Amino acid sequence: MHATPLLCHPSTPDDIVASITVEVNSLTADLLVLYYRITGDIDRLQLPAQAASKFQDLLWQQTCLEAFIGFTDSDAYFEFNFSPSSQWAVYRFENYRQNVTSLNPLPSPRVLVRRRNGELDVDVDIHLGAIPGLTAAEIKGRELRLAVSAVSQSDQGVISYWALAHPPGKPDFHHRDGFALRLAGDPA
């Protein structure tokens, strides 16, 4: 698998982050692995302190990595937020930004963060079978679409929005035009 670049939304230019890439991998029918890499002046990013890996709401209000999974035959979709603190959040929406439910899957997503000179790597493991609506039986034979995105916040509080694809208008990670990657929905 190769690294796919995320694009900065034109209305939120970023002079701190040089690039954000993601690699998407399915090691098993149940395990989705995302490898995010942020390069640039990492010291100028506002990064949350390390914390216990647990569900935490409102992670998207600061530097955060995100993924969305939706079905092509349904309005329902799932939002995943991953903080460099190692905290995470999982939500299920019945339709566009409506009827949201917080989920606490077991096993929970695993968020591993490594910081190097000019680089922040965040690896995420998501056990799809632990999430109601994404079990092997529920996704068998269905096409799933994936959106991958990121929010970067500077040390001055300036926020930029990054995604594989941006729909027209203001940044909107929930918009179906951003669900740019196909995931196999028929596990072996």
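So, cavities: searching the whole structure, which is a predicted model, turns up one cavity of 30 Å³ or more. The space inside comes to about 50 Å³. What lines this cavity? Ala 147, Val 148, Ser 149, Ala 163, Leu 164, Ala 165, Pro 167, Asp 172, Phe 173 and Gly 178. Sort those residues by character and you get seven nonpolar, two polar and one charged. Strand 11 supplies the largest share of the lining, with three residues.

Two of those lining residues, Ala 147 and Phe 173, also turn up in a nonpolar core, so let's go there next. The largest core has 38 residues, and the ones with the most contacts inside it are Leu 34, Tyr 36, Ile 69, Phe 80, Phe 82, Ile 126 and Leu 134. Strands 3, 4, 5, 6, 7, 10 and 11 each give two or more residues to this core. Ala 147 and Phe 173 sit in a second, separate core of 12 residues, along with Ala 89 and Phe 93 among others.

Take a look at Phe 80. Setting aside neighbours within four places in sequence, Phe 80 is in contact with residues including Leu 65, Ile 69, Val 90, Ile 126 and Leu 134. Ala 89 is also one of its contacts.

Okay, on to the sheet. Five strands make an open, antiparallel sheet in the order 1-3-4-10-9. Strands 1 and 9 are at the edges with a single partner strand each, so one side of each has no neighbour in the sheet. Further in, nine bridges join strand 4, residues 31-40, to strand 10, residues 119-127. Which residue of strand 10 does Tyr 35 stand opposite? That one is Asp 123.

How values were computed
Residues are numbered from 1 along each chain as its sequence is written. This is a predicted model: local features need pLDDT of at least 70, side-chain atom pairs count only at pLDDT 80 or more; totals for chains, interfaces and linings use all residues. Side-chain values use heavy atoms; hydrogens and water are left out. Two strands pair if DSSP finds at least two bridges between them. Helices (H or I, at least four residues) and strands (E, at least two) are DSSP runs, numbered from the N terminus. A nonpolar core is a set of buried Ala, Val, Leu, Ile, Met, Phe, Trp, Tyr and Cys residues joined through side-chain atoms within 4.5 Å. Buried means under 20% relative accessible area, exposed over 50%, partly exposed in between (1.4 Å probe, protein chains only). Contact means heavy atoms within 4.5 Å. On a 1 Å grid over the protein atoms alone, a cavity is a set of points where a 1.4 Å probe fits but cannot get out, and a pocket is an open set with protein on both sides within 12 Å along at least five of seven lines; lining residues have an atom within 4 Å of a point. Grid points are joined across faces, edges and corners, and a volume is the space filled by probe spheres set on the points. Ala, Val, Leu, Ile, Met, Phe, Trp, Tyr, Cys and Pro count as nonpolar, Asp, Glu, Lys and Arg as charged, and the others, Gly among them, as polar.
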